[in-house]
Amino acid sequence: MNGSSAPYRLIPGAPDSPVILHVPHSSRTVPADVREGIVLDDAALARELDHITDSYTDRIAAEAAACCAARSAPRPWLFVNRLSRLVVDPERFPDEREEMRAVGMGAVYTRTTHGEALRPDGHREEPLLDRYFHPYAAAMTDAVTERLAAVGRAVVVDVHSYPSERLPYELHGDGPRPPVCLGHDPFHTPPDLLAHAERAFAGFGGTGVNSPFAGTYVPLTYYGSDRRVGALMIEIRRDVYMTEPGGPAGPGLDRVAAALAQLVDAVTGEPGV
């Protein structure tokens with residue numbers, strides 16, 4: 001699967017950049033045939049998309065890459081999901097390992113952010129996994145493999161956002177909700193990578209680690225087995241850069257993009273990260 005038919009877009013960066021900015025949840029696009037399997041009416045679906053979409057994170061990543069290029073620094077690679085996470089969520093485990101299945105939000109969601117029915121009981125997830133999830137996972141794996149072959153390392157920076165107020169679906173939402181949450185993995189997030197992120201995002205009123213969302217994305221081929229693949233999740237609280245829920249972006253977006261570019265520069269220039 002490639003070109004315009006692909007559920008993702010890989011935007012090339014500098015040949016010597018190890019960094020992949022991964023943007024999995026920025027799109028609101030739901031193909032018509034997938035829409036037919038969703039039980040919400042159009043108004044309710046629009047409201048759900050307001051709550052579940054990491055709005056403008058594709059813009060944040062693109063502007064960060066442009067900032068790097070403008071300084072003649074190595075431009076990161078971008079891997080962007082072109083479809084809504086209501087189609088499939090490429091960051092979930094596609095099987096019983098996924099704890100979010102408990103609230104109907106595994107790789108294929110059956111419930112909304114507020115616990116309402118999204119798909120009918122008995123909905124088969126395999127066709128969506130085969131059509132969208134597995135090709136996406138394979139392409140992201142290939143992108144990491146190519147960085148390893150070219151540079152000897154890969155650093156996946158997961159670009160997300162989250163609401164300022166807890167939504168009912170959150171399993172671990174009772175902890176702090178800092179302006180910037182950094183998702184850390186004990187195997188794939190070296191201390192220097194986390195420290196670089198804390199410095200880059202220090203100007204937003206504070207950062208936290210693994211609250212309210214924890215961990216980060218690594219393709220399963222490399223997960224827990226290859227330390228050449230570093231990873232960190234950046235969760236920007238939405239009131240930092242936009243009007244919630246689903247409203248316009250504000251001036252904070254440019255500041256967030258500049259901070260992300262600072263992180264990319266630091267990571268690119270330090271081989272041990």
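A residue is called buried here when its relative accessible area is under 20%, and in this predicted model both Arg-92 and Asp-89 fall into that class. These two residues form a salt bridge in which the closest N and O atoms are 3.7 Å apart, and they belong to a wider arrangement, since salt bridges that share partners join Asp-54, Arg-85, Asp-89, Arg-92 and Arg-238 into one network.

Another pair within that network is formed by Arg-238 and Asp-54, whose side chains meet in a salt bridge with an N to O distance of 2.8 Å. Because Arg-238 lies in the loop between β7 and α6 (252–268), while Asp-54 lies in the loop between α2 and α3 (57–70), this pair ties together parts that are 184 residues apart in sequence. Arg-238 and Asp-54 are both buried.

A search of the whole structure finds 15 salt bridges, and a further one of them brings the side chains of Asp-50 and Arg-28 together at 2.9 Å, N to O. Here Asp-50 is part of helix α2 and Arg-28 belongs to the loop between β2 (19–23) and α1 (32–35), so the parts tied together are 22 residues apart in sequence. Arg-28 has a relative accessibility of 36% and therefore counts as partly exposed.

Arg-92 also leads to the largest pocket, where Glu-91, Arg-92, Glu-98, Ala-214 and Thr-216 are the residues of the lining that lie nearest the centre. The volume of this pocket is about 930 Å³, and its lining comprises 43 residues. Two or more of the lining residues come from each of the elements α2 (42–52), α4 (126–151), β4 (154–162) and β7 (229–237). Sorted by class, the lining of the largest pocket contains 21 nonpolar, 10 polar and 12 charged residues.

From Glu-91 the reader can turn to His-22, because Glu-91 is among the residues in contact with His-22 when neighbours within four places in sequence are left aside, contact being taken as heavy atoms within 4.5 Å. His-22 lies in strand β2 and is buried, with a relative accessible area of 0%. The side chain of His-22 makes a polar contact with the side chain of Tyr-136 at 2.7 Å, and its side chain also makes a polar contact with that of Asp-158, at 2.7 Å. Beyond these partners, the residues in contact with His-22 include Phe-79, Met-140, Val-156, Val-157, Val-159 and Tyr-217.

Tyr-136 in turn connects this site with an enclosed space. The whole structure holds 1 cavity of 30 Å³ or more, and the largest cavity has a volume of about 50 Å³. Tyr-136 lines this cavity together with Pro-7, Asn-81, Leu-83, Ser-84, Val-87, Val-88, Pro-90 and Tyr-132. In contrast to the pocket, whose lining has 12 charged residues, the lining of the largest cavity has no charged residues, and is made up of 7 nonpolar and 2 polar ones.

The last stop is helix α5, which spans residues 191–200 and whose buried residues are Leu-193, Leu-194, Ala-195, His-196, Ala-197 and Ala-200. These buried residues pack against β4, β5 (180–183), β6 (207–209), β7 and α6. Two of these partners, β4 and β7, return the reader to the largest pocket, as both give two or more residues to its lining.

Terms used
Residues numbered from 1 in each chain as written. Predicted model: local features only at pLDDT ≥ 70, side-chain atom pairs only at ≥ 80, totals over all residues. Heavy atoms only, no water. 1 Å grid on protein atoms, 1.4 Å probe; cavity = no way out; pocket = protein on both sides within 12 Å on 5 of 7 lines; lining within 4 Å. Points joined across faces, edges and corners; volume = space filled by probe spheres on them. Helix = DSSP H or I, 4+ residues; strand = E, 2+ residues; numbered from the N terminus. Nonpolar A, V, L, I, M, F, W, Y, C, P; charged D, E, K, R; others polar. Salt bridge = Lys/Arg side-chain N within 4 Å of Asp/Glu carboxyl O. Buried < 20%, exposed > 50% of the residue type's maximum accessible area, 1.4 Å probe, protein only. Polar contact = N/O pair within 3.5 Å; in protein donor to acceptor, adjacent residues only side chain to side chain.
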